[in-house]
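Work through the exercises below with the model in view, and try each task before you read its solution.

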Amino acid sequence: MKEIIIATKNPGKAKEFKKIFDPYGIQVKTLLDFPNAPDIEETGKTFRENAILKAEGIAKLLQRPVIADDSGLTIDALDGRPGVYSARYAGENKNDNDNIEKVLHEMKDVPFEDRTAQFRCTIAVTIPEEQTFTVEGVCNGIILTAKRGTNGFGYDPIFYYPDKGKTFAELDPEEKNTISHRGRAIQKLKRWFTEELVRDGGNG
Ligand SMILES: O=c1nc[nH]c2c1ncn2[C@H]1C[C@H](O)[C@@H](COP(=O)(O)OP(=O)(O)OP(=O)(O)O)O1
Ligand SMILES: [Mg+2]
């Protein structure tokens with residue numbers, strides 16, 4: 001079986017990658033399987049810079065092809081915040097719920113029509129001694145005034161997707177993967193992981 005390393009410590013992301021790669025017979029390992037993996041500092045100003053930092057940092061250590069995902073929420077009424085700070089918006093030791101509460105508080109006076117937002121994901125792929133490339137995915141939605149649903153992770157309970165009439169936390173995992181920023185970015189990698197990965201770096 002082919003195997004790919006995803007340079008993430010986020011269990012929600014790990015689950016989504018596993019579900020998407022499983023039908024292709026590709027086994028996903030994440031940094032949750034490598035407890036000694038270092039924390040790569042996300043010092044970049046863009047999702048792309050941070051995704052590259054994580055993919056190249058871990059590929060260098062493991063000397064194997066590595067994928068990294070840097071993602072987050074950009075809210076128009078907040079001038080694009082939380083953006084690259086999405087994971088630490090309420091502070092370094094805060095959790096998903098604290099981040100949601102901070103966003104809801106900052107948006108308490110913003111009317112429905114101005115609550116537009118985007119989930120954004122950049123995926124970087126590093127092949128050691130060869131190259132790094134990136135793909136991106138975006139998903140448009142609206143920030144609700146209270147949480148709805150219990151699936152997913154992160155900001156999913158307040159991200160409403162009008163086409164489905166549901167928040168991301170109300171969607172089934174499969175349904176989320178077909179429309180999400182991450183699912184869309186992974187779609188763009190499909191040729192790479194169905195052809196190239198199998199040919200020359202899969203460690204299968
Ligand atoms: O589908 C999503 N549904 C809800 N929230 C999401 C999603 N995708 C990203 N997000 C939020 C979670 C976190 O607040 C930030 C990602 O930050 P980001 O640095 O990329 O990930 P992370 O620090 O959680 O794990 P890691 O860096 O080890 O991959 O955006
Ligand atoms: Mg992170």
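Three exercises follow, each with a worked solution.

This is a predicted model, in which local features need pLDDT of at least 70 and side-chain atom pairs count only at pLDDT 80 or more, while totals for chains, interfaces and linings use all residues. Residues are numbered from 1 along each chain as its sequence is written, and chains are lettered from A and ligands numbered from 1 in the order in which they are written.

**Exercise 1. Describe the overall fold of the chain.**

Step 1: Begin with the secondary structure, where helices (H or I, at least four residues) and strands (E, at least two) are DSSP runs numbered from the N terminus. The chain has six helices and seven strands, and from the N terminus their order is β-α-β-α-β-α-β-β-β-β-α-α-α.

Step 2: Turn to the dimensions, for which the C-alpha trace spans about 55 × 30 × 25 Å along its principal axes.

**Exercise 2. Examine helix H2 and find which of its residues are buried and what they pack against.**

Step 1: Helix H2 covers residues 47-62, and its 16 residues reach 23 Å from the first C-alpha to the last. This is close to the expected 22 Å, a span defined as 1.5 Å times one less than the number of residues.

Step 2: Apply the burial rule, by which a residue is buried if 20 or more other C-beta atoms, placed from the backbone, lie within 10 Å of its own, exposed if 12 or fewer, and partly exposed in between. In H2 the buried residues are Phe47, Asn50, Ala51, Ile52, Lys54, Ala55, Ile58 and Ala59.

Step 3: Look for partners, taking two residues to be in contact if their C-beta atoms, placed from the backbone, lie within 7 Å. The buried residues of H2 pack against strands E1 (2-6), E3, E4 (116-127) and E5 (131-143).

Step 4: Just past the helix, Gln63 follows H2 with a positive phi, near 55 degrees.

**Exercise 3. Locate Arg148 and describe its surroundings.**

Step 1: Arg148 lies in the loop between E5 and strand E6 (159-161).

Step 2: Arg148 counts as partly exposed because it has 15 C-beta neighbours inside 10 Å.

Step 3: Leaving aside neighbours within four places in sequence, Arg148 is in contact with Pro157, Thr167, Ala169 and Glu170.

Step 4: Finally, compare sequence with space: Arg148 and Glu130 are 18 residues apart in sequence, and their C-alpha atoms are 44 Å apart.
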